[in-house]
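Biologist: Could you take me through a close look at one part of this model, and then show me how that part sits in the rest of the chain? I'm a first-year student, so please keep it friendly.

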Amino acid sequence: PVGRPLTAAEQELVATKTQELRVELAGFRRAFAALRDLLDKVPPVLTDSDVAIREAAVQTLMHIGSARGRLRQRITSLPNYGDSDPLALFAAADPLTSFLKRDLLLVGDLLAEANVRLRKPAMIFVLLLEEDLALPLADRVIANLSHPDRTIRWAAAKSLGNVKSSDRIAAAVPGLAKLLSDTDLGLRTVAAQTLEKMGPTAKAAAPALAQAVMIGDGECRKAAIRALLALGPEAAAQGVPNLIEVLGQRDVDAKVIGDVCDALARIGTPARAAIPSLRQLLNHEDTEVRAAASEALLAINSGEK
């Protein structure tokens, strides 16, 4: 749990694992050096006049990005304790440090390529970048939300979810909102998850999210509900009529109904129109639905007092 000091045994375990990782990284030192040398040669090839050569270059970049992602995951699996700083270990080993500082904008050019065989691996490479590293390419990534290729749209939506500075990608909200009605359920779910991470910055997506809670499979609907709540109370209240309609749908999974009840409870007083529908659910066959409906009624009524 956060704030609990590590026991002596846990401290010893972390120290042992950290030392094992240092030895492991030392064994890869030559490989990391070779990758850095290779990456110094990649930028000119990314702009070669031969499409096949450019494709080979961006594929190479994508695979290095994938290996880098696994490396980062391996290193950051260690707790940050004492003089053990996993991110510092990763920074020392990162083969992409120089490329990301000097040549990242070349990937932006590839994100505008008409050739899908160039654009797709470039978009996947951007997806592999953590946190705000892709911010310089934000405009190009946002433009790819409407690309005809499903993988490119998915990768664009997913990569925007990695960005912590959500206000810097506010322009993505309309494109993400449009994806909520995509025929691909996976795309709709990823778009909702990214909007959830953006929080109140994405409040303009409230109408689209309210519509999304009414269609699709359970996971897709639940993702839309979470995103709607993340927009803030006022924006979430716009979805109350849609949430009420879901309560009356006969083919909805009980877990989705429970999530809708929880959402109405969090919205509180502005969800008072749901009271009749919630009362009907007090006789529902599922015990969890009955409990969720009861809690929602209590939350809405307590807010009115």
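Modeller: Let's settle one word before anything else: a contact means heavy atoms within 4.5 Å. Also keep in mind that this is a predicted model.

With that word in hand, let's go to isoleucine 142, which is found in helix α8. Which residues does isoleucine 142 contact, if we leave aside its neighbours within four places in sequence? The list is Leu160, Ile169, Ala171 and Ala172. Is isoleucine 142 buried or exposed? Buried means under 20% relative accessible area, and isoleucine 142 has 15% relative accessibility, so it counts as buried. For a sense of distance, take leucine 104, which is 38 residues away from isoleucine 142 along the chain. The C-alpha atoms of these two are separated by 16 Å.

Just before α8 there is a loop to visit. Glutamate 131 is found in the loop between α7 (116-127) and α8 (138-143). Its phi is near 50°, a positive value in a residue other than glycine. Glutamate 131 is partly exposed, with a relative accessible area of 37%.

Now step on to helix α9 (residues 150-160), where you'll find arginine 153. Is arginine 153 buried or exposed? With a relative accessible area of 12%, arginine 153 is buried. Its touching partners, not counting residues up to four places away in sequence, include Asn144, Leu145, Ser146, His147 and Pro148. Among the others on that list are Leu179, Asp182 and Leu187. If you want a long hop from here, try serine 294: arginine 153 and serine 294 are 141 residues apart in sequence, and their C-alpha atoms are 40 Å apart in space.

Next, let's go back towards the start of the chain, to helix α3 (51-75). Two of its residues are worth a stop. Glutamate 55 sits in α3, and it is buried, with a relative accessible area of 17%. Not counting residues up to four places away in sequence, glutamate 55 touches Arg117 and Leu118. Proline 121 is 66 residues from glutamate 55 in sequence, yet the C-alpha atoms of the two are 8.5 Å apart in space.

Alanine 57 is found in α3 too. Here the relative accessible area is 6%, so alanine 57 is buried. Which residues does alanine 57 touch, not counting those up to four places away in sequence? They are Val42, Val45 and Leu46. Pick valine 45 from that set, and you'll find it twelve residues from alanine 57 in sequence and 6.2 Å away in space, C-alpha to C-alpha.

Helix α3 also turns up as a packing partner of α4, so let's look there. In helix α4 (residues 86-93), the buried residues are Pro86, Leu89, Phe90 and Ala93. Why do they line one face of the helix? Seen down the axis of α4, they fall within an arc of 100°, so they share one face. What do those buried residues pack against? They pack against α1 (8-27), α2 (29-46) and α3 (51-75).

How about disulfides? The count comes to zero. Cysteine 220 is in no disulfide, and the nearest cysteine sulfur, that of cysteine 261, is 19 Å away. A disulfide here needs a pair of cysteine sulfur atoms within 2.5 Å. Cysteine 261 is likewise in no disulfide, with the sulfur of cysteine 220 as its nearest, 19 Å away. Cysteine 220 is buried, with a relative accessible area of 3%, and cysteine 261 is buried at 0% relative accessibility.

Finally, let's zoom out. The chain holds 18 helices and zero strands. Its C-alpha trace spans about 70 × 60 × 30 Å along the principal axes. Of the 305 residues in the chain, 45% are buried. Take the contacts between residues at least 6 apart in sequence: 66% of them join residues at least 24 apart. As for the outside, the chain exposes about 15,600 Å², and carbon and sulfur atoms supply 53% of that area. And the charges? There are 37 positive and 37 negative side chains, and the centres of the two sets lie 1 Å apart.

Technical notes
Residues numbered from 1 in each chain as written. Predicted model: local features only at pLDDT ≥ 70, side-chain atom pairs only at ≥ 80, totals over all residues. Heavy atoms only, no water. Helix = DSSP H or I, 4+ residues; strand = E, 2+ residues; numbered from the N terminus. Buried < 20%, exposed > 50% of the residue type's maximum accessible area, 1.4 Å probe, protein only. Areas by Shrake-Rupley, 256 points an atom, 1.4 Å probe, with all protein chains shown as cover. Lys, Arg positive; Asp, Glu negative; His and termini not counted. Charge placed at Lys NZ, Arg CZ, Asp CG, Glu CD. Arc of directions from axis to C-beta.
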